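Colleague: I would like a close look at how the helices of this predicted model pack against one another, and then at the spaces left between them. Please take me through it step by step, starting with a single helix pair.

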Amino acid sequence: MKNQTNLTSIQLILFIIQTQIGVGVLGLPFSVFSISKGDAWISVLLAGIVVQLLIMIFWVLGRRFPAKSLFQYSVKLVGKAGGTFINLSYVFYGMLVTSLILMYSTAIIKTWVLTLTPKWIIMFLLMGTAIYLGKELLSDICNVYVVVSGLIFFLIIITIVVLIVYPVDWRYLLPIGHSGGINILKGVKEAYFSMLGFELLLFLFPYFQHNGERSVLFSASMANLSVTLIYTFLTIVSLITFSPEELAIVPQPVLYYVKSLYLQIVERIDLVFVSLWVVSVITSLTSYLFLSTEGIAHTFKRIKRSVITIFFGSLSFIIALVPNKAAEMELYNKWVINTSYLFILVIPFLLLGISFVFKKKERGESA
């Protein structure tokens, strides 16, 4: 960490954005609409608010140990054995999410672009790129994220073009609230998974705390605001582009309405969209590989980072190869989502409670 004090607030913002925007950017409107119907955009906004509350909780926990990540202060709070168990659990969690991202992104690429290519080759190319980047220091990863973040604006511009040239019907959003409060809240749960990535703040805090504790909170909040607005915008465009009957059977509405565009200079603009989107998939894979690598690097300090990254990248690759049917992928998806609550809600709240009850903190002390 001491060698990476040049990291800036902008890099933190872009790191979280690049981690959050991945597979979900294509399927979020469909998954949320299946529950919230025309109020899906409200569910996405509420999900952003929930994520913001969690970010504030993570920030409160992080500022009590500003020079340490969760991998370090977990040992201080619950002892060496308990802390090691928590650390290894987060390593396992990072591997599970990496496998899930790899699994779904490969399925989409195989469906839209490389239909005849064996899925293991697609997975190998994605994971190989993520491993190559993930074995580097955080400063190097952040520099790459800054460079590729401009591609997100191209995704948004393409969507804006669709909104302008494609016949849309804003009445599909009306009446607002007609799906009912219960369904809107259930939709929040669906939108939540697509926003995963903010929990890495638990491990990024010490790398950026030299910019100021409030700067860390502001950066994480701006990243969440940006992702929430992007997802809400894409959801609204999907809702007004397709009728409720159409949207119910379109698994990747963003790709379908992009495919409807006709530009004389580009025959299949949806392929351009997918090509840009793949970069976001790789950055998400890299971020969660970084999480697993950090956990092992802090627990077993003598192992080289490159060896750790290759090992967990390979394990994630093998796990992602196992499910062959859509039902199996969905089952794995639900299992990972349910497991994520433990790492995003239970453990951080538990550690925060322990730090307050036993008045453990290191503010102003040397780490």
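Modeller: The crossing of helices α3 and α8 is right-handed, and that pair is a convenient place to begin, bearing in mind that everything here is computed from a predicted model. Helix α3, residues 40-64, packs against α8 at an angle of about 65°, and the two axes lie 8 Å apart. On the α3 side the residues that meet the partner are I42, S43, V44, L46, A47 and V50, while α8 brings N183, I184, L185, G187, V188, A191 and Y192 to the contact. Sorted by class, this contact of α3 with α8 comprises 10 nonpolar and 3 polar residues, with no charged residues.

A second pair, α5 and α13, can be read in the same way. Helix α5 covers residues 119-134, and its axis comes within 8 Å of that of α13, the two crossing at roughly 55°. Because of that angle, α5 counts as oblique to α13. The crossing of α5 and α13 is right-handed. From α5 the contact takes L126, M127, T129, A130, I131, L133 and G134, and from α13 it takes V278, I282, L285, T286 and L289. By class, the contact of α5 with α13 holds 9 nonpolar and 3 polar residues, and again no charged residues.

From the packed helices we can turn to the open space. The largest pocket has a volume of about 970 Å³. It is lined by 35 residues, of which S31, Y104, F193, E330 and N333 are the closest to its centre. The elements that each give two or more residues to this lining are α1 (9-20), α2 (24-36), α4 (70-112), α8 (181-194), α13 (269-299) and α15 (326-357). Helix α8, which packs against α3, is thus one of the elements on that list, and so is α13, the partner of α5. The most is given by α4, which supplies 8 residues to the lining of the pocket. In class terms the lining of the largest pocket has 18 nonpolar, 13 polar and 4 charged residues, whereas the contact of α3 with α8 has no charged residues.

There is also enclosed space: the structure holds 1 cavity of 30 Å³ or more, and the largest cavity has a volume of about 60 Å³. Its lining is made by I21, V25, I152, L155, I156, T159, I230, L234 and F273. Helices α7 (150-165) and α10 (213-241) each supply at least two residues of that lining, and α7 gives the most, with 4 residues. By class, the lining of the largest cavity has 8 nonpolar residues, 1 polar residue and no charged residues.

Two points of backbone geometry, both in loops, complete the view. Most residues other than glycine have a negative phi, and most peptide bonds are trans. In the loop between α2 and α3 lies K37, a residue other than glycine whose phi is positive, near 55°. In the loop between α7 and α8 lies P175, which is joined to L174 by a cis peptide bond with omega of about -10°. The loop that holds P175 therefore runs between α7 and α8, where α7 gives the most to the lining of the largest cavity and α8 meets α3 through residues including N183 and Y192.

How values were computed:
Residues are numbered from 1 along each chain as its sequence is written. This is a predicted model: local features need pLDDT of at least 70, side-chain atom pairs count only at pLDDT 80 or more; totals for chains, interfaces and linings use all residues. Side-chain values use heavy atoms; hydrogens and water are left out. On a 1 Å grid over the protein atoms alone, a cavity is a set of points where a 1.4 Å probe fits but cannot get out, and a pocket is an open set with protein on both sides within 12 Å along at least five of seven lines; lining residues have an atom within 4 Å of a point. Grid points are joined across faces, edges and corners, and a volume is the space filled by probe spheres set on the points. Ala, Val, Leu, Ile, Met, Phe, Trp, Tyr, Cys and Pro count as nonpolar, Asp, Glu, Lys and Arg as charged, and the others, Gly among them, as polar. Axes are lines fitted to C-alpha atoms, for helices over the stretch in contact, and angles run from 0 to 180 degrees between N-to-C directions. Angles under 35 degrees count as roughly parallel, over 145 as roughly antiparallel, 65 to 115 as roughly perpendicular and the rest as oblique. A crossing is left-handed if the near helix is turned anticlockwise from the far one by less than a right angle, and right-handed if clockwise. Contact means heavy atoms within 4.5 Å.
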